[in-house]
Amino acid sequence: MRKLVLFMHVSLDGYASDSMGRLDWIPYNEELEKYAEEVVAEVGSPVYGRTTYQMMENYWPKVLDDPNSSRHDMEHAKWLQDVKKIVISGTMDKAEWNNTMLIKDKIAEEIKALKEQPGKNLVIFGSPGAAKTLLELGLIDEFLLTICPVVLGRGKSVFDGGFEKFRLKLLSSRTLDSGIIATRYELEK
């Protein structure tokens, strides 16, 4: 059985984006890129909410046509073009990006069916709104959180209510040179 894993960069105070929806506070560098590549190697299907999906759809296909794209960006763009993508949105009518499945309703049933299929894990990339919905439905099995050394004070959080308290078991952690703590937790059952 596949797991549903949340991969998210968070501030020290638990926000996934600042109050303007920006992510420029994440100290993204070569070391974090390499860590993200390790995460992507585990992915059977990326899972997105509408906003993140549309940002990805508007950016990555263009990389394939840009001769100035880095080797890393080109490889990632090719992977995204071919991999089965899942978008969770109650407001989208259709998903046009190659090989994308749209889940509009019956989210729990659809995700449970996808988890039953063979293959690598389903991984939620960012998408705090969709992640919160999936968390409220009790569908997230593991949490890959990169805790960034910044306090935002306010912003968008996945962990600000709508569900009962739950406990996590630390599976691994490591500190990157930038001060980011890369953690892996599983939901205690």
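How many bridges join S3 to strand S4, and in which direction do these strands run, parallel or antiparallel? In this predicted model, three bridges link S3 with strand S4 (residues 85–88), and the two run parallel. The pairing belongs to an open sheet of eight strands, and the points below take up that sheet before turning to the nonpolar cores.

**The sheet**

- The eight strands follow the order S5-S4-S3-S6-S1-S7-S10-S9, and their pairing is mixed.
- Strand S5 (100–103) and strand S9 (168–175) form the edges, since each of them pairs on one side only.
- On average, and with direction ignored, neighbouring strands of this sheet are turned by 25 degrees against each other.

**S3, S4 and the helix packed on the sheet**

- Where S3 and S4 are joined, Val47 stands opposite Ile86 in S4.
- Helix H2 packs on the sheet, where it touches S3, S4, S5 and S6, and the direction of H2 makes about 110 degrees with that of S3.

**Nonpolar cores**

- The largest nonpolar core contains 27 residues, and those with the most contacts inside it are Phe7, Tyr35, Trp60 and Phe125.
- At least two residues of this core come from each of several elements, including strand S1 (4–11), helix H2 (50–63), helix H3 (71–82) and strand S7 (142–148), while H1 gives the most, with five residues.
- Tyr35, leaving aside its neighbours within four places in sequence, is in contact with Phe7, Leu144, Thr146, Arg174, Ala182 and Thr183.
- Another core, which lies apart from the one described above, has 24 residues, among them Leu4, Ile107, Leu114 and Leu135.

Notes. Residues numbered from 1 in each chain as written. Predicted model: local features only at pLDDT ≥ 70, side-chain atom pairs only at ≥ 80, totals over all residues. Heavy atoms only, no water. Core = buried A, V, L, I, M, F, W, Y, C linked by side-chain atoms within 4.5 Å. Buried < 20%, exposed > 50% of the residue type's maximum accessible area, 1.4 Å probe, protein only. Helix = DSSP H or I, 4+ residues; strand = E, 2+ residues; numbered from the N terminus. Contact = heavy atoms within 4.5 Å. Pairing = 2+ DSSP bridges. Axes fitted to C-alpha atoms, helices over the stretch in contact; angles between N-to-C directions.
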